[in-house]
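Trainee: Hello! Could you walk me through this structure, one question at a time?

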Amino acid sequence: MANDPKDADARRAVAPVICYPTETLPQPDLDRYLHGFAGARVTGMAEAAPREACSFRVPAGSFFRIVSIKGPQVGDLNLWNADDLTERFYSGKTRALHGAHVTTGARLWSSFPTLRPMATIVEDSLGWYGIDPFGGAVHDVIGTRCDPYTGNLLSGVQYHHCCHSNLTRALADATRLSLPEAEPHVHDVLNVFMCTGFTRDTGQYFMKASPVRPGDHLTFFAEIDLLGALSACPGGDCSSEHSSDAAVCYPLRVEVLTPAHGAMDGWQPPEVNGYNRSHGR
Ligand SMILES: [Zn+2]
């Protein structure tokens, strides 16, 4: 290119540096969690109908599992501190710490000022998928959530079963907040079972048919008392489009599992972040 500086190739050739080396992150004791999980039994269940969301509560020290049933389906997950909705899942920081897609061992971090693990992934039946030749991988913390505002912006439609609206209704029902009160608490999601990446040539966010099949599941340990909401995305397996009723959709099940008595003895919920919040004043 005529405008390229003389050292353009040299500048491009600079090797990348990982933004947040995670060697100093407190590592989860996965063996401990799996030991607790081995004797856990299902004590609660919720089901997100197609193009709807369900809510569920998980006590700290318990597990929850999102299960594909009936057919390939993507889910949009929100998590809140059950006692304080202002502490909620922070998708962007989770992405910065663990990468664009999460699997076993990754943690879902909470918003400022608490910034602590809310949940830890202990089991992922799609862990085999890895990164495909297109750069796609499963369970992303890239996408925000499908929403009616973007749909309106791009195509002028009024569609009421985007994940954003489904999560808003589910949170309102779970907390008895009105829809306008509940809506600001809905946040960027973990895209459970969704297969996504960025195109190599244009850097655009892409999706492709999820490899999930009935029986596949993603299992979490709850690090704090959680209120969760899961939307069965109107995109179905996200092979073609979302924000409409066009895609074939299936339900998703959430199971809450309680470990055997004493199995998690001695485990402590994570402290809130230690920053003193003086911000230099
Ligand atoms: Zn969606």
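Trainee: Which residues of α5 are buried?

Mentor: Happy to start there, and keep in mind that this is a predicted model. A residue counts as buried if 20 or more other C-beta atoms lie within 10 Å of its own. In α5, that label goes to C163, H164, S165, N166, L167, T168, R169, A170 and L171.

Trainee: What do the buried residues of α5 pack against?

Mentor: Both helices and strands are involved here. The helices are α4 (148-155) and α6 (179-182). The strands that the buried residues of α5 pack against are β2 (53-58), β4 (75-81) and β12 (226-232).

Trainee: How far apart are the end C-alpha atoms of α5, and what span should its 13 residues have?

Mentor: Helix α5 covers residues 163-175, and the expected span uses 1.5 Å a residue. The calculation takes 1.5 Å times one less than the number of residues, so the 13 residues should span 18 Å. The end C-alpha atoms agree with that, being apart by 18 Å.

Trainee: In what order do the six strands of the open sheet come?

Mentor: Strands of a sheet pair through backbone hydrogen bonds, either parallel or antiparallel. Here the pairing is antiparallel. β1 (41-48) and β6 are the edge strands, each pairing on one side only. From one edge to the other, the order is β1-β13-β3-β11-β7-β6.

Trainee: Which residue in β13 does A46 stand opposite?

Mentor: Look at where β1 meets β13 (residues 252-258): they pair in the antiparallel sense over seven bridges. Standing opposite A46 in β13 is V254.

Trainee: Which helix packs on the sheet?

Mentor: Follow the contacts to β3 (63-68), β7 and β11 (217-222). The helix that touches them has a direction at about 70° to that of β7. It covers residues 30-38 and is α2.

Trainee: Is S110 buried or exposed?

Mentor: S110 sits in the loop between β6 (107-109) and β7 (117-124). Among its contacts are F89, Y90 and M118. The label depends on a count: S110 has 28 other C-beta atoms within 10 Å, and 20 or more are enough, so S110 is buried.

Trainee: Which residues touch the most other members of the largest nonpolar core?

Mentor: In soluble globular proteins, nonpolar side chains tend to be buried together. The largest nonpolar core has 64 residues. L230, for example, is in contact with residues including A48, I66, L77 and V254. The residues touching the most other members are F64, A222 and L230.

Notes: Residues numbered from 1 in each chain as written. Predicted model: local features only at pLDDT ≥ 70, side-chain atom pairs only at ≥ 80, totals over all residues. Helix = DSSP H or I, 4+ residues; strand = E, 2+ residues; numbered from the N terminus. Buried ≥ 20, exposed ≤ 12 C-beta atoms within 10 Å, placed from the backbone. Contact = placed C-beta atoms within 7 Å. Pairing = 2+ DSSP bridges. Axes fitted to C-alpha atoms, helices over the stretch in contact; angles between N-to-C directions. Core = buried A, V, L, I, M, F, W, Y, C linked by C-beta atoms within 7 Å. Lists of a residue's contacts leave out its neighbours within four places in sequence.
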